[in-house]
Amino acid sequence: MKNDKILILTKHKKDFTLLKNNLSFNYNILDIKNLDEFNNIDLIITDQYSYHDKKNLINKLIKDQKPLLLPLIMISRNPQKGLIREGFNGYLNEYVKMPISKSVILKKIKKLLELRFYSKQVEKKYDLIVENSPVGIIVTDNNGIKYCNSYAVKLLGHNFEKIIINNLELKKVIFDLNNEVENYEVKFKKTGAEKYLLINSKIMPYQDHKTLIYIIKDITKQKKREKEIEYMLYHDDLTNLYNRKYLNDSILENPDTLKDISVGFIVLDINNLKLINETLSNQLGDKIIQKISRIIERLADKKDLIFRAGGDEFLVILPERNLLETEKLMDKIKLASEEKYADQVQLSLGAGAAVKKASNKNIFAVIKKATENMYLNKLTENYSFKSHIIKSVLKTLQVKSFETEDHASRMDQLAIELGKKAGLNRYQLDELSMLAKLHDIGKVAIPESILKKPAKLNQKEYDIIKTHPEIGYQIVESIPHLNEVALGVLSHHERWDGNGYPQGLKGEKTPLIARIITIIDSFDVMTNERS
């Protein structure tokens, strides 16, 4: 059609004139002088000489229109078709033998222009598909972004090139790497909202340039759902605190996360929660758990990690804290929790703390120590079932012997005073207080006739009496978390000179809390009557 432009390049002017006369009625004919219109040509006719003379120009015209077909016809008096094609880099579509037949060349031109039309239609179809694709598509070459479809503009914004340059991750993957990427995730903010993109790219040979096509998918909803699932996986339903699984996965199975720093650990346990659930209601028990959770959250720092480690148990991890700071927070939590709830229940917590020094890598041992301190605290404050058993045994002992409740109370008070003077920490004081109560618990197995005998004991009776530290040790040692107290029970009749019993320990080999109990027990006997 007259709108179709044909470029004719021939060595001989007469060939150009012949072709122009044959074709100008049907087509718009151009020659080398019409350089400004070369980008819009629809077909090229050349002879062998002109092709080699203008080879770079012809190749460029064909490449610049790719993937659109720009047909090339060669006119020649040479009948060797194969040789002709070899010299044209695969661009030759047809050749016409000289002398030129008007009907033959018009037929070939019509056929090639129809192919070009179909090529245009296919390109338009693919352009439509790409432009309306439900994923972002960006094409780049060495000179920057060559194409960005409407969905990519919607994802990134109209000023997409500036947005890419200002986001380090986007700039890295689209401009800096200049290579193929697979499933590359990028996070960026658009109008204050956080978005996630998944980027894949492939090198696409195009017009002799290194061209990259990027497929960009919006995975914001998917990432949000993943975060929701992860949150549910690692948080307790009732309190929204971290759960036991997160403790295991993030800390216990990856202890290196807390290496090289001092870390405080607080173990907390709600006293008598099981009894509350059984006698009042599980709903009330749940509300108490939630209340304690909020108290811990309110008093802890943002960098502290709070876990609901069990039904009634909490663990607080305090990065970069020493023992004094850890115990200070623990005391605040205990104090804030000691109140009546719903005018029905007196709340209280068993609490224990321990600190991992920067050089210590054994987190398990530190948590175990904090847990032991918590159970010791519950025993000391009479909030455990075992403490009630112990009290029952001590009552039996008071009946069987001359030991009085006043003596036990004085022992506890004196022990704490002397322990503080000796520089014991709070947990050693708890152990000392417990030892003051339990040091003679082994006498529960001694016959009452011996314990209350007013006259001097004979050797056999005295030997029986001397068994009470070992009996007491066996009783206390069976109670979890009282190992140090049990050793104190075993050793409280040892002497500095090594003449005590049952092991004959000498000097500092006797545990400090046992030595303190020996002193105050002797002092109380000398200053007060037992009966």
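This passage describes helix 13 and several salt bridges in a predicted model. Residues are numbered from 1 along each chain as its sequence is written, and side-chain values use heavy atoms, with hydrogens and water left out. Because the model is predicted, local features need pLDDT of at least 70 and side-chain atom pairs count only at pLDDT 80 or more, whereas totals for chains, interfaces and linings use all residues.

Helix 13 comprises 15 residues, 323-337 (helices are DSSP runs of H or I, at least four residues, numbered from the N terminus). The end C-alpha atoms of helix 13 are 21 Å apart, in agreement with the expected span of 21 Å at 1.5 Å a residue (1.5 Å times one less than the number of residues). Its buried residues are Thr-326, Glu-327, Leu-329, Met-330, Ile-333, Lys-334 and Ser-337 (buried means under 20% relative accessible area, exposed over 50%, partly exposed in between, with a 1.4 Å probe and protein chains only). Seen down the axis, these buried residues fall within an arc of 160°, so they line one face of the helix (the arc is that of the directions from the helix axis to the C-beta atoms). The face turned away from the buried side carries the exposed residues Leu-324, Lys-328 and Leu-335.

The structure holds 27 salt bridges (a side-chain nitrogen of Lys or Arg within 4 Å of a carboxyl oxygen of Asp or Glu). Among them, Lys-245 and Asp-249 meet at 3.1 Å, N to O; being four residues apart in helix 10, they are separated by about one helical turn. Lys-245 is partly exposed at 37% relative accessibility, as is Asp-249 at 21%.

Definitions and conventions:
Helices (H or I, at least four residues) and strands (E, at least two) are DSSP runs, numbered from the N terminus.
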